[in-house]
Amino acid sequence: MNTLLLPAADPRTPEIAAALIRDGKLVALPTETVYGLGADGLNEEAVAEIFRVKGRPQDNPLILHVTGMAQAERYCHSIPACAYTLAERFWPGPLTMVLPARDCIPKRTTAGLDTVAIRCPETAVTLRIIELAGTPIAAPSANLSGKPSTTTAQHVLADHDGRIPAVVDGGPCRVGVESTIVDLTEDTPRLLRPGGVSREALEAVLGSLQVDRAVLGSIDRDAVVKAPGMKYRHYAPQGKVLIVRGSSQAAARYVHDHFAPGDRVLCFQEELPLYGDCRPLAYGREAEPETLSAGLFAALRELDSPQVRRIFARCPAGNGVGFAVANRLAKAAAFTYVDAEEAP
Ligand code: TXA
Ligand code: MG
């Protein structure tokens, strides 16, 4: 199969992409968070094709992408008032809400759950494609299952060239990590995945917010978790990722003491001078956490090579979007940390 690369700025792109979606085909789409692997979320066979192409476990449900709350109401019921407030405040944008699903949604999309994850992305071309397709678009992050997410059309081609009909090229994603997921189906809202909308911003609207344990620590494979995707190994390059905690100086000392051939360093731009001979790669500026989220997956992809044995990674403080960056790095590292201040 020849994969079409459709530029977002080409006026023909929305209709070409929408026609493919209506026809049950897969199209990779840009969003402000990461690229998604999209298909008609109401078409079981199209959804099955997403799972096949991505190599995704069947028990991991998909997010439905809609143009707003009016469309969401057709696929969810018993929507609490706070969902409208959140939509008002954060849609279009990097927030996904888990709500009770209506029966019209195929079980394949929700992986058999009676809830559905739903979000309205901000990227104009993708909103237009959803509108023209006339159906909610189911889309997981477009990466092959287990690999770092895709934040450019080139990343999508690296994983899927010749395997999917089309990619819409909207340039690099602004946020760079996936959407925040909040479960609104229980008495207290629960954060299932930190993302582009910060925990603090959600708390300001919701009052109380529980943080799911899958966000904070590693989860047993057989555990029953709210967001099934959270239990799988994720975002992981081939080498072993090790998060080095502590001050810049202590971390650099630790890395120099332990550095071996085949190792790489993933650090903040401000720290580059500390790692001259350790093959550092900066993913953004510590002082501007949005640059870290925007650069993280591209950097993890660059380091995803059989030649890279170990990656010493520096992780930002966990506030704002830094919480989402820290969560993705922790998953890539399978929650492996060393404390440079205390290490020998
Ligand atoms: O930013 C994003 O959310 C991107 C873009 C493409 O929109 N999509 C994305 O999809 O990250 P994916 O499939 O990579 O991650 C979706 C997560 C998974 O962890 C899945 O388990 C969870 O959402 N999820 C989906 N439906 C759910 C539900 N009904 N209840 C709880 N978690 C759900
Ligand atoms: Mg994903």
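In the predicted model, the loop that connects helix H4 (81–90) with strand S5 (95–100) contains Pro-92. The peptide bond between Trp-91 and Pro-92 is cis, with an omega of about -10 degrees. A second backbone feature occurs at Arg-279, a residue other than glycine whose phi is positive, at about 50 degrees. Arg-279 is placed in the loop between strand S13 (263–267) and strand S14 (280–282). Both features merit mention because most peptide bonds are trans and most residues other than glycine have a negative phi.

The domain assignment divides the protein chain into domain 1, spanning 4–216, and domain 2, spanning 240–339. Taken over C-alpha atoms, the centres of domain 1 and domain 2 are 28 Å apart. To the contact between them, domain 1 contributes 27 residues and domain 2 contributes 16 residues. About 1,600 Å² is buried between domain 1 and domain 2, and carbon and sulfur atoms account for 56% of this area. On the side of domain 1, 30% of the area buried against domain 2 is supplied by Pro-148, Val-177 and Pro-194, more than by any other three residues.

Ligand 1 is surrounded by 27 residues, of which Thr-33, Arg-56, Asn-60, His-65 and Ser-179 come nearest. By class, the residues of this shell comprise 14 nonpolar, 8 polar and 5 charged. Strand S4 (63–65), strand S6 (115–119) and strand S10 (190–193) each provide at least two residues of the shell around ligand 1. The largest share, 4 residues, is that of S6.

Several side chains place polar atoms against ligand 1. In the side chain of Thr-33, an N or O atom is 2.7 Å from an oxygen atom of ligand 1. For Arg-56, the corresponding distance from a side-chain N or O atom to an oxygen atom of ligand 1 is 2.8 Å. A nitrogen atom of ligand 1 is likewise approached, with a polar side-chain atom of Thr-115 at 3.0 Å. Ligand 1 taken alone exposes 690 Å², and 97% of that area is buried by the protein.

Definitions and conventions: Residues numbered from 1 in each chain as written. Chains lettered and ligands numbered in written order. Predicted model: local features only at pLDDT ≥ 70, side-chain atom pairs only at ≥ 80, totals over all residues. Heavy atoms only, no water. Near = heavy atom within 4 Å. Polar contact = N/O pair within 3.5 Å; in protein donor to acceptor, adjacent residues only side chain to side chain. Areas by Shrake-Rupley, 256 points an atom, 1.4 Å probe, with all protein chains shown as cover. Nonpolar A, V, L, I, M, F, W, Y, C, P; charged D, E, K, R; others polar. Domains from an automatic or database assignment. Contact = heavy atoms within 4.5 Å. Buried area = accessible area lost by both parts, 1.4 Å probe.
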